[in-house]
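Hi everyone, thanks for coming. Today I'd like to walk you through one structure, so please have a look at it with me.

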Amino acid sequence: MMTYEANIPNREECQTCPLTFAYKEINLLYDIAVMLTSTTEILDSVEKAMRKLKQHGYLERCALFRKKDDADELELLNSIDLEPYQKKMATYRFGEGATGLAAKSREPIVIENIHNNINYLNKMGNISTQMVSYVAVPLLQEDEVIGVISANIGKNSPLNFDEIVRMLTIVGSLFVGALKAQQTMTKEKESLSELKTYYKEELQKDYKFENIVGRSTRMQQVFGMINTVAPTDATILIRGETGTGKELIATAVHNLSRRQNGPFIKLNCAAISETLLESELFGHEKGAFTDAREMRKGRFELADGGTLFLDEIGDITPALQVKLLRILQEQEFERVGGNKTIKTNVRLVAATNRNLEEMVRKGEFREDLFYRLNVIPINLPPLRERYEDVKLLIEHYLHRFMKEHRKTMHFTKEAMELLLDYPWPGNIRELQNTMERIVLICPDGEIQPEMLAHVLPFNYQKLYMQSEPAPTPQPAYISQPAPTPHAEVHSGGPMTKKSLQELERESILQALIDSHGIQTKAARLLGMTARQIGYKIKQYGIEI
Ligand SMILES: Nc1ncnc2c1ncn2[C@@H]1O[C@H](COP(=O)(O)OP(=O)(O)OP(=O)(O)O)[C@@H](O)[C@H]1O
């Protein structure tokens, strides 16, 4: 690093030559700028810069404050000459003392004599008589106060107040610029590592076609359909209750299509607000709204050349339905806040567990959009309608989790019957979670029915364990003929839709009791998502 300090005279020495003095200032600022840009340890460099300013006799006790995110309050970011206990006290509300006043008024505050000025609060105490003045300069970014830089000025400072204010303004902006650059870098690093984790998780998911279990006629029909339509670019609408494998099937469609080497991008339309959803779908231009500091591509743009999976499509608002229709018809759109038309080549796979036809009838979902989406409908049956797959899935997940957790176990006939008779209201997701819990909780060896007490909803076991003799494995269909009353569940007879729903209601109620009314906890116990349990609580009119 170059320094230009040698042979440069003090102000007294160069009264006749103010330019030489200015050069000295410039060189000092140059050194600080180089220091800040040549490291990633910005706060260390800030401190070094403060010491340099002190060395030159310009400033003492220099301090950099930043505005808190959630309050009009300043907190100390870095300083020199302060003890830890003094640093703790160094917070100022906007308007409080000279430092707070600088933030509030957005103007530099100069206190000529700190020893007789009420605005100098001396919060940190221990001020020497050598320090006579105090200067606090607000730091602005895009017209917002983001902090304050301050310093005490000794009796012998070679600079006058104007020069000190100028010096602090320049140094403060250098500090802020460097800190901002570091912040952006950290954010980018974080989002890169999030992306890495995301892709790692995605890779770990069992998205390979051979991992999609299903020997039932209904699932065989689904597989046949996927094989036929995946290679085309047709829009697909996957229908099915929660946890029936809609996302898994969407991924299979992508992997079997000509777009398999392109991106597979997904978005759950129910999880976010309308404004956010619009910007997630179409992206936004810089400045489109308050938080839009940078341009961001939306999912339609990111999925260019690949597949976009829109889950919970039934949840989008009428305004967004119009925009979606346009993009489906014309394959073009504009980012939020922009007027440039962007072309995209995306294959859409949508999914929902809502009754779109009824929504169309009620005027809640556009009919034209419905037909655009419903080009190829794929209906995924719930587990209760494909009883023959339950055993397969139990075995599939038992093996998978045994391998994952390095355990060896098998079910007794009775334990398997208990699982087969359970209605699996949360479908495959619930079954999968239950199997992992079983593998984790049960010891190696034989799994007895009693051991399942901790993994199946309490009410189900109560119903089941009471039944004597042990029920024979009967399919728990709603499609069973001859509905039988609830009590017959105890004797192992087929469950009626009513008894199944009652069972589900009771399981949910029990889980809510077990989790002291905390829905997310109850959902976890049942292998459901918070949204699913919320929906069921509403459906069954359960009061919390
Ligand atoms: N046929 C299947 N064979 C094996 N595992 C499956 C099958 N279908 C789904 N799964 C697994 O069940 C879990 C739930 O599946 P998925 O997320 O695809 O359901 P979903 O219908 O999209 O759920 P939601 O409606 O809640 O979004 C996933 O872990 C998935 O791997």
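I'll talk about the surroundings of the ligand and then about two residues with an unusual backbone angle.

A quick word on the source: this is a predicted model, where local features need pLDDT of at least 70, side-chain atom pairs count only at pLDDT 80 or more, and totals for chains, interfaces and linings use all residues. Residues are numbered from 1 along each chain as its sequence is written.

Let's start with the ligand. Around it are 19 residues, and V213, G245, K246, E247 and I428 come nearest; a residue is near a molecule if its C-beta atom, placed from the backbone, lies within 6 Å of it. What kinds of residues make up this shell? There are 4 nonpolar, 10 polar and 5 charged ones. Here Ala, Val, Leu, Ile, Met, Phe, Trp, Tyr, Cys and Pro count as nonpolar, Asp, Glu, Lys and Arg as charged, and the others, Gly among them, as polar.

At least three shell residues come from each of domain 2 (205-381) and domain 3 (384-539), with bounds from an automatic or database domain assignment. Helices α7 (246-255) and α15 (427-441) each give at least two; helices are DSSP runs of H or I, at least four residues, numbered from the N terminus.

Now the backbone. Most residues other than glycine have a negative phi. W424, in the loop between α14 (413-421) and α15, has a positive phi near 45°. N427, in helix α15, also has a positive phi, near 55°.

Are these two buried or exposed? W424 is buried because 22 other C-beta atoms lie within 10 Å, and N427 is buried with 24. The cut-offs are 20 or more for buried, 12 or fewer for exposed, and partly exposed in between, with C-beta atoms placed from the backbone and counted within 10 Å of the residue's own.
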